[in-house]
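Got your viewer open? Keep the selection box handy and we'll go stop by stop.

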Amino acid sequence: MKKTKVLACVLTVAMAAGLFAGCSKTTTITTEKFTKACEKLKLEEFDLEDSASPDYDDLEDGLYAVADEDYCEDNPEEIESFLGDLGLGGVIDADDVTSLAFAAKCSGMEDLTELDDPEDLPDQVVDGAFALQISLADDYVGDGMDFIEDMLDQYDIDVKDLSGKEYYAGKKDGYFRFHVDIATVCKILLQNEDLMDMVDTLYDSDDFEEIATSLKGDIAVSFEINGSNIFIIAGVGFNTKASNLNSFSKAFGAASNPTSVPANKNVVEQLIEDAVDNYGGLLSGAGSYDDDYDDWDI
């Protein structure tokens, strides 16, 4: 009888632990576990000390790289440069990075970069995902979430206007998750009169509308910080499902697949308005569409 009661207690604790684990707000994963997940995904390891850069074939097959503690200590400038590329240079001290790892897999990117006719956009298919894990020597929750809030503020987006699925900032962890439906984005683009006026200077607006209304897919990103651990996952499914992002989310044990976050139309509208205000003049004078050569000259 006592054994039965003990077993029942153990099962109760195990079930409770499972429930709490499933409700975790942020993803906690070490560099070692991240690396093992990359191996299970059958990604090819890329040596950071290799002078050669990955090409599109490597990206299509999937790759990952690891900067262990020794690499971080021996290459502080490389770590600082990497953080700068991510926009985190002013937030995280490179000396506090004890290890990091990132992974990427994307198909269709080469065809998209070689695109010279916008009418071919509806035929393009891109399925890509990126994930990054950073282990730090100090707690960066406050600084990390302040960075997110400041970044959103630059686009006139108040975190108070975001849902609990999009933004959370606690004492021990926090996250920002963003998901947009490409079809919805295109619809909002077409409704922006200032943007459409610019389109008229670059391209036939009717043709642009026909192209835009045929595009679909998802773009999603999640920035998560848990004490001294940062996890970022992002992906795109352009004219297709974001299959690679789904695979990454499962393999890395993401607390939430960012594609499950409801798209925020207000945020998308604000981002588009901001882009038009800041870059409209540059876009309108940057190039033209040449019907004779069927080439996008921008």
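How many cavities of 30 Å³ or more does the structure hold? Just one. Bear in mind as you click around that this is a predicted model.

**Stop 1: the cavity**

Select Tyr-56, Leu-59, Glu-60, Cys-106, Gly-108, Met-109 and Glu-110, and you have the lining of the largest cavity. The space they surround has a volume of about 40 Å³. Now colour by element: α3 (56–61) and α6 (109–113) are the ones that give two or more residues to this lining. Of these, α3 supplies the largest share, with three residues. If you colour by residue class instead, the lining splits into four nonpolar, one polar and two charged residues.

**Stop 2: a buried acid**

Next, jump to Glu-166, in the loop between α7 (141–154) and β5 (167–169). Which side chain of opposite charge is nearest to this buried glutamate? That would be Lys-165, but it is 10 Å away, and Glu-166 has no salt bridge. Show Asn-264 as sticks too: its side chain makes a polar contact with the side chain of Glu-166, at 3.2 Å.

**Stop 3: the salt bridges**

Time to look at charged pairs that do meet. The count of salt bridges comes to two, so let's visit each of them.

Start with Glu-32 and Lys-36. Their closest N and O atoms are 3.7 Å apart, and the pair forms a salt bridge. Show the cartoon for helix α2 (residues 31–40): the two residues sit four apart in that helix, which means about one helical turn separates them. Switch on the surface and you'll find Glu-32 exposed, with a relative accessible area of 55%, while Lys-36 counts as partly exposed at 47% relative accessibility.

Then select Glu-224 and Arg-177. This salt bridge has its closest N and O atoms 3.4 Å apart. Where do the two partners lie? Glu-224 is in strand β7 (residues 217–226) and Arg-177 is in strand β6 (residues 173–181), so the pair ties together parts that are 47 residues apart in sequence. Hide the surface for a proper look, as both Glu-224 and Arg-177 are buried.

**Before you close the session**

For a last view, put Glu-166 and Glu-224 on screen together. Glu-166 is buried and lacks a salt bridge; Glu-224 is also buried, but has Arg-177 as its salt-bridge partner.

Key:
Residues numbered from 1 in each chain as written. Predicted model: local features only at pLDDT ≥ 70, side-chain atom pairs only at ≥ 80, totals over all residues. Heavy atoms only, no water. 1 Å grid on protein atoms, 1.4 Å probe; cavity = no way out; pocket = protein on both sides within 12 Å on 5 of 7 lines; lining within 4 Å. Points joined across faces, edges and corners; volume = space filled by probe spheres on them. Nonpolar A, V, L, I, M, F, W, Y, C, P; charged D, E, K, R; others polar. Buried < 20%, exposed > 50% of the residue type's maximum accessible area, 1.4 Å probe, protein only. Lys, Arg positive; Asp, Glu negative; His and termini not counted. Salt bridge = Lys/Arg side-chain N within 4 Å of Asp/Glu carboxyl O. Polar contact = N/O pair within 3.5 Å; in protein donor to acceptor, adjacent residues only side chain to side chain.
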